[in-house]
Structure formats: C-alpha cells, structure tokens
Amino acid sequence: MEMGGKNLKCLATIAFICAFVWSFSLQNCQARGGKHWAHRKTGGYRHGRIHRHRGGSSSLGLTDSGHVGSEDVVGASLASKGDASKGGSGNFNVLDFGAKGDGRADDTKAFQAAWESACNAEKSTVEVPSGSEFLVGPISFSGPNCKPNIVFQLDGKIIAPTSPSAWGSGLLQWIEFTKLKGITVKGTGTIDGQGSVWWNDSPTYDPTDENLDKESSSRKLPSTKPTALRFYGSDGVTVSGITIQNSQQAHLKFDSCTSVQVSSLTISSPGDSPNTDGIHLQNSQNVIISNSNLACGDDCISIQTGSSAVYIHNVNCGPGHGISIGGLGRDQTKACVSNVTVRDVKLQNTMNGVRIKTWQGGSGLVQGILFSNIQVSDVKTPIMIDQYYCDGGSCHNGSSAVAISGVNYVNIRGTYTSTPVHLACSDSLPCTGVTLDTIQLEGSGRSNEPFCWKAYGELKTSTVPAIECLQSGNPGKAQSHNSC
Ligand SMILES: *[C@@H]1O[C@H](CO)[C@@H](O)[C@H](O)[C@H]1NC(C)=O
Ligand SMILES: *[C@@H]1O[C@H](CO)[C@@H](O)[C@H](O)[C@H]1NC(C)=O
C-alpha cells in the first residue's frame, strides 16, 4: 500500500480501512501478511486476477526458489468485503479461481488462490474437479495460520511441468502441504509428476512442447529431483483414494508428521524408474498405511529415522524394491525406528521383500518390528537384514552400528528367485531377538541357501527351507547398549 504523497485526510481514511480489515481478519485467520487479506473472498479475487494473468499463462512464472510469484495477487482487491455471503466456509473450486484445466495453461496461481481462501474458512474444501487436467508448478499449501481440517478434494488430474525453467536450480518437492492441523487429500483424481523426463540421464525434449521456450530448451533439468507430494510438520493427515504416478523421485513423503492415515492409494511408476520410492516416512509417528497398491522403481515403502508406531497392512507392492526400514545411520548419524508392524502384504516381482538396511558407522536402534503374513511371489530376497548397506561409492566397515533388536517374522510364504533369507548383521553389534515363525519359501531354479552373519534369535517353528544359520541366545558382551 503506497502511503507516500497522500494528504492527511487520505491517510486517515486508509488507516481506518486498514484497521477495519485488520480486525475483520483476526476473526478468520492470524494473517501473516497482506496477501491473505487480498484473496480472502472469492469474488474480489476472481475479478482482480484473471485478466491480468491470461496473457502469460503458458509459461510458468516461477522463481528459482520454487515460490510462486505472488506479486500480482497481492492487494488484488480490498473491495471484496462485500462478498462475505459465503459465511467463511464452503467449497473452493479451482475453476472459480481462474484455473483453465486444459493441461497447458499454468494453473498454479489459481490453486494458490483457492488454497488461500480455503485456509481462512471453517470446514473448507478445495475442489479439483474431474474431467480436467491442471498444469501446476511447484506449490506449497502452507498452513501455520489456516483453520484446521481442510479437505483437498482431488477428482481431476494434476500434472507437473516438464520445462527446466519451472524448477530453477532444484527443489525438494513439487506439491507440499506444510504445518497443517487436519489435512485430507482424497478423491478419485491423479497426481502425475511426468517423471520420465527426469529419469533419463540426458533428457531430450520435444521441440513442439508448448511449455518449452527457446531459453529453457537449452537448459537441463536440475540434478535435485523433487518428491511429487510431501507433507511436512502436520498433525492428522489423511490421504485416500488418489493415484500418484510417474513421480520425478519419491511419490509421497511424510516428514515430521503425526497421526497419518493412508488408504486406498495407488502409486504407479515403471519398475526401472530410478529412485521413485512409493511412500517415504521420516520423523513421523502413528502412521497407518492400508489397502493400497504400490508399483514403482524403488522401495514401495521406505521407513526412515524418527519413525515409530507405524502400521502397514493389506498393501500390494510390485514392481519395486520391497518394504524397507532404512537405509539408516548414513554418515555416522544416529537413527531410531521402533514399533513397526507390516502385515497382510503381497509382494510380487520385487527386489526384496521385507528389509532392514543400515550403514556402517551409525548409531541408534531399530526395535519392535513385526513382519506378519507376507506373501512373496518371484521376489529376489524375501527376508533381508543388511547392516553393511552401501548405496554406491566405497564404504568401509565402522566400529559402530545402528543396533537391531527384536525383529519378528511370522508366516512368510511364497517364491523367491535368489536367496530366501539374508541376515547380514554387524560384527560390532550383532542383531538380537530375531525370530522366525512359519517360514515357507520356495526357490526357483538355482538359488542360494539361507545366509546369516552375527544374527541371534530363535526359530519358533521348523522352516522351509531349513534355516540353520541363526544363532540362538545372546551374543554376550557384544550386546547392544545403543539407545534412542
Ligand atoms: C513401542 O511400543 C512399546 C510397547 O508397546 C511401548 O512401550 C513404547 O513406548 C513404544 N515406543 C514408541 C517410541 O512408541
Ligand atoms: C565388512 O565386514 C564384513 C563382515 O565381517 C565383511 O564380510 C566385509 O568384507 C567387510 N567389508 C570391508 C569393506 O572391509
């Protein structure tokens, strides 16, 4: 708001309006900045923006930091206060905020605007309707001052830009929901990262692609590949029904979240797409993942440090690398994962089945793990603990390790193609409390014997094949004193 050069009377009027708007805003939202006021109401915003934006909609006007340029939405209209008829709640359809949904025009700002309105309203829903395809650049649905329990109803399709200019020097995520209390993303819609341009080492561009201007076609995509959909620092997160496909890197990440529920999710990417984890958990507690189909090029579910009370059931995985805890303890870090249950899971054509992997030299503890009713089919190595994990480069053995204690395998059945059981535990900190109960694994062709190294625990039943390498009892003095 420009104050300079105005006479006193004008200043007083502006001050009055500001005070009025400010007091009004306090009822709805702890506004962080002027831009919240501007698009609090649908109508005023709608008029303020569409005309201005029409011209440049085919090239994504995103800044290098990935923040959507908000200059032309700021201060769109103070006159919008006449639109209070919606009573501060309701549905906010992105089409009403100027989204074109033609798969070509940049709809980022329309999504941002719909979000800002929903953020300030009680029990609000952002609607992304079916039958349309929305091109949306990197975007953050940011929450610290939003009303709780926003629903993001996704029935249409959201696609990511493939032009290097949209990604600047590299971003950790494409679509982010951050610092929210109660956020639900549900519907029958699809989030498509259009990742194939990122998967190839030297991307080639279609010169007829309208999203490509001359400048950007000479540039390459940044080496940092984004996660398609990431939730950060939120409590009460639900993701249900949607499909996430062809992500640039991981499909769905939860970082520093509590009370997370994922159900009826479909993840779909080719088995040879690099680093395309399905669901990635980090620093998150009370997580339930159920009734989902996960097909990707890396771990279907990856459970990282800080995760506890994780319950995964009725999930299909494949193609992919299986369900993994870790890699943990990289670069001498401390890692803690506890109370993870994975049950009633089918893995088909995956590299591993259920796996725990830690790097040499770390510290911390993995404990309280149950893998139960796991059905494998043509899985290379169904049961794996690898405390010598080394993902490229050269690694040397350290004297410390992330300890592994209390890992129970119950009713693991099916077929494998390489090794049925591979338990490679640390020399300095052997695994303890590993139990195997009702293991029935059938090899195909030439396959290896079960392998154990420094693995201590108990066979609860006889197994097929016979597993004779598990050592009973405790390793004595070398037992772990790691804690979390
Ligand atoms: C893990 O479960 C045990 C047993 O139910 C419980 O005592 C412990 O507090 C849990 N740990 C975490 C970090 O949730
Ligand atoms: C690390 O230790 C394991 C188990 O003792 C051994 O098989 C492996 O060769 C060692 N690796 C290196 C790089 O020393």
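Here are some exercises with worked solutions on the structure above, which is a predicted model.

**Exercise 1. Get your bearings**

Find out how many helices and strands the protein has, and what share of its residues is buried.

*Solution.* Start with the secondary structure: you should end up with 6 helices and 31 strands. Next, look at burial. The protein has 484 residues, and 52% of them are buried. Then turn to the outside, where the accessible surface comes to about 20,400 Å². Carbon and sulfur atoms account for 47% of that surface. Last, check the contacts between residues at least 6 apart in sequence: 76% of these join residues at least 24 apart.

**Exercise 2. Follow a run of paired strands**

Work out in which sense strand E22 pairs with E20 and with E24, and over how many bridges.

*Solution.* Step one is to locate the pieces. E20 covers residues 307-317 and E22 covers residues 334-348, while E24 takes in residues 363-379. Step two: put E20 beside E22, and you find parallel pairing over 9 bridges. One spot to look at here is Val315, which stands opposite Val345 in E22. Step three: move on to E22 and E24, which also pair in the parallel sense, over 13 bridges. For this pair, try Ala335, whose bridge partner in E24 is Gly364.

**Exercise 3. Look around ligand 2**

List the residues that surround ligand 2, then pick out the side chains with a polar atom beside one of its oxygen atoms.

*Solution.* First, the shell: Tyr388, Cys395, Asn397, Asp427 and Trp453 surround the ligand. Sort them by type and you get 3 nonpolar, 1 polar and 1 charged. Now for the distances. Asn397 has a polar side-chain atom 2.3 Å from an oxygen atom of ligand 2. For Asp427, a side-chain N or O atom is 2.5 Å from an oxygen atom of the ligand. Finally, ask how much gets covered: on its own ligand 2 has 360 Å² of accessible area, and the protein covers 42% of it.

**Exercise 4. Now ligand 1**

Name the residues around ligand 1 and say how much of the ligand the protein buries.

*Solution.* The residues to mark are Ser308, Ser338 and Asn339. Taken alone, ligand 1 exposes 360 Å², and the protein buries 26% of that.

**Exercise 5. Buried or exposed?**

Decide whether Gln153, Thr178 and Leu328 are buried or exposed, and see what each one touches. Skip neighbours up to four places away in sequence.

*Solution.* Take Gln153 to begin with. You'll find this residue in strand E6, residues 150-154. Its relative accessibility is 16%, so Gln153 counts as buried, the limit being under 20%. Its contacts are Thr125, Val126, Glu127, Val128, Lys186 and Gly187. With Lys186 there's also a polar contact between the side chains, at 2.7 Å.

Thr178 comes next, in strand E8, residues 173-178. Its relative accessible area is 7%, so Thr178 is buried. Its contacts include Ser140, Phe141, Pro144 and Tyr232.

That leaves Leu328 in strand E21, residues 323-328. At a relative accessible area of 1%, Leu328 is buried too. Among the residues it touches are Ile303, Ala335, Val337, Trp359 and Val402. Thr358 is another contact of Leu328; the two sit 30 residues apart along the chain, yet their C-alpha atoms are separated by 4.5 Å.

**Exercise 6. Spot the unusual backbone**

Find where the peptide bonds from Gly326 to Gly327 and from Val464 to Pro465 lie, and check the phi values of Gln194 and Ser264.

*Solution.* Keep the general rule in mind: most residues other than glycine have a negative phi, and most peptide bonds are trans.

- From Gly326 to Gly327 the peptide bond is cis, with omega near 0 degrees. Gly327 is in strand E21.
- From Val464 to Pro465 the bond is cis as well, with omega near -5 degrees. Pro465 is in the loop between strands E30 and E31.
- Gln194 has a positive phi, near 45 degrees. Look for Gln194 in the loop between strand E10 and helix H5. At 28% relative accessibility, Gln194 counts as partly exposed.
- Ser264 has a positive phi of about 50 degrees. The loop between strands E15 and E16 holds Ser264, which is partly exposed at 40% relative accessible area.

Note on methods:
Residues numbered from 1 in each chain as written. Chains lettered and ligands numbered in written order. Predicted model: local features only at pLDDT ≥ 70, side-chain atom pairs only at ≥ 80, totals over all residues. Heavy atoms only, no water. Near = heavy atom within 4 Å. Polar contact = N/O pair within 3.5 Å; in protein donor to acceptor, adjacent residues only side chain to side chain. Areas by Shrake-Rupley, 256 points an atom, 1.4 Å probe, with all protein chains shown as cover. Nonpolar A, V, L, I, M, F, W, Y, C, P; charged D, E, K, R; others polar. Pairing = 2+ DSSP bridges. Helix = DSSP H or I, 4+ residues; strand = E, 2+ residues; numbered from the N terminus. Buried < 20%, exposed > 50% of the residue type's maximum accessible area, 1.4 Å probe, protein only. Contact = heavy atoms within 4.5 Å.
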